[in-house]
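Student: I should like a close look at a single part of this protein, namely the place where its domains meet. Please describe it in one connected account.

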Amino acid sequence: MPGYKPSIYNLTQEQLIEWAIENGEKKFRATQIWDWLYRKRVQSFDEMTNISKDFIAKLDENFCINPLKQRIVQESKDGTVKYLFELPDGMLIETVLMRQHYGLSVCVTTQVGCNIGCTFCASGLIPKQRDLVSGEIVAQIMLVQKYFDERGQGERVSHIVVMGIGEPLDNYNNVMNFLHVVNDDKGLAIGARHITVSTSGLAHKIKDFANEGVQVNLAVSLHAPNNDLRSNIMRINRSFPLEKLFEAIEYYIATTNRRVTFEYIMLNEVNDHVENAQELADLTKKIRKLSYINLIPYNPVSEHDQYSRSTKERTAAFYDVLKKNGVNCVVRQEHGTDIDAACGQLRSNTMKADRRKAVVEAAGR
């Protein structure tokens, strides 16, 4: 792209120090820049008043700060905020801010589009076009924090879930770099235990993640308790069936001694039978003490009208079976039901509107 400069958010503090030294500066200059970026949260290099003009010019020559443009903000009655951001190449991504009883939690996107092929999901309506670089993921957090900084109420992003559009472990290196940036105790200082990375089940990458030695939480999008059903609604299961997936999960638990959360979207008369609940309890029995199940109300997507949300009665019966089997589980609280709630829905709807507008404009010429 003409004039493209990478975001300085791509760099961890160690990488920034290395770059500064290579460019004739002392280590402490890099730590000053880091403080300007993540504690003072400036949006231009010119605001860095204790950095020399010559070095400011060098920074500006090599980097931008924030690579994203805000296109749309939707705010729900329950305080959920959904953002549509435009990347430097014009592609669109979504980010969601959720108000929880424990603080402000941001759900970030890691890829443009998704190739996992879940048949119920709005994210997969548009195939994966590229990975986000780490600075584009960091920038999502920074722009959400800026939204609250400008309100002047002292609110701070305290939790992160890496569960937006795309498969995080398919963009492994950029996601790991992102985690090191946001977790840095001299920057945003978001605790590792306040960060959750979700995967649809890339078994080999779960093992890699186990070996990283980080305290970040792991969530697995399960959504079905047997291979036939899971392969039918999640294409990834054909490559990584439940046997391979649970071998990797058991390796993760044995290596880290950390709990795994299972995400289970409740699809009416698809995966919400009481027999499915018993299968799920049996499937997770071996790791019951270090696992947790989130039952998630489904946000309908017009393009996937074969699916609907489980009724409260079916969800309650499913939940009861799990509890009777001693499973740690909860029905997840809903957020943003009065806006484009499903992951990928705002992006998909905006792209449709942009295409319609282009067609109308072309017809008028």
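**The contact between the domains**

Tutor: In this predicted model, domain 1 and domain 2 bury about 1300 Å² between them, with 55% of that area on carbon and sulfur atoms. On the side of domain 1, the residues that lose the most area to domain 2 are Y9, Y38 and R41, which together account for 41% of what that side buries.

The two parts are defined by the domain assignment of the protein chain, which places domain 1 at residues 8–62 and domain 2 at residues 69–355. Twelve residues from domain 1 and 18 residues from domain 2 take part in the contact. Taken over C-alpha atoms, the centres of domain 1 and domain 2 are 33 Å apart.

Turning to the polar side of the contact, the count between domain 1 and domain 2 is one salt bridge. R41 forms a salt bridge with D149, and their closest N and O atoms are 2.7 Å apart. R41 is also one of the residues named above for the area lost to domain 2. Seven residue pairs are in polar contact between domain 1 and domain 2, counting pairs with both residues at pLDDT 80 or more.

As for secondary structure, helix 1 (13–22) and helix 2 (27–38) are the elements that give two or more residues to the side of domain 1 that touches domain 2. Helix 2 supplies the largest share of that side, three residues. By residue class, the side of domain 1 that touches domain 2 comprises five nonpolar, five polar and two charged residues.

Key:
Residues are numbered from 1 along each chain as its sequence is written. This is a predicted model: local features need pLDDT of at least 70, side-chain atom pairs count only at pLDDT 80 or more; totals for chains, interfaces and linings use all residues. Side-chain values use heavy atoms; hydrogens and water are left out. Domain bounds come from an automatic or database domain assignment. Contact means heavy atoms within 4.5 Å. Buried area is the accessible area (1.4 Å probe) that two parts lose on being put together, summed over both. A salt bridge is a side-chain nitrogen of Lys or Arg within 4 Å of a carboxyl oxygen of Asp or Glu. A polar contact is a pair of N or O atoms within 3.5 Å; within protein, one must be able to donate a hydrogen and the other to accept it, and residues adjacent in sequence count only if both atoms are side-chain atoms. Helices (H or I, at least four residues) and strands (E, at least two) are DSSP runs, numbered from the N terminus. Ala, Val, Leu, Ile, Met, Phe, Trp, Tyr, Cys and Pro count as nonpolar, Asp, Glu, Lys and Arg as charged, and the others, Gly among them, as polar.
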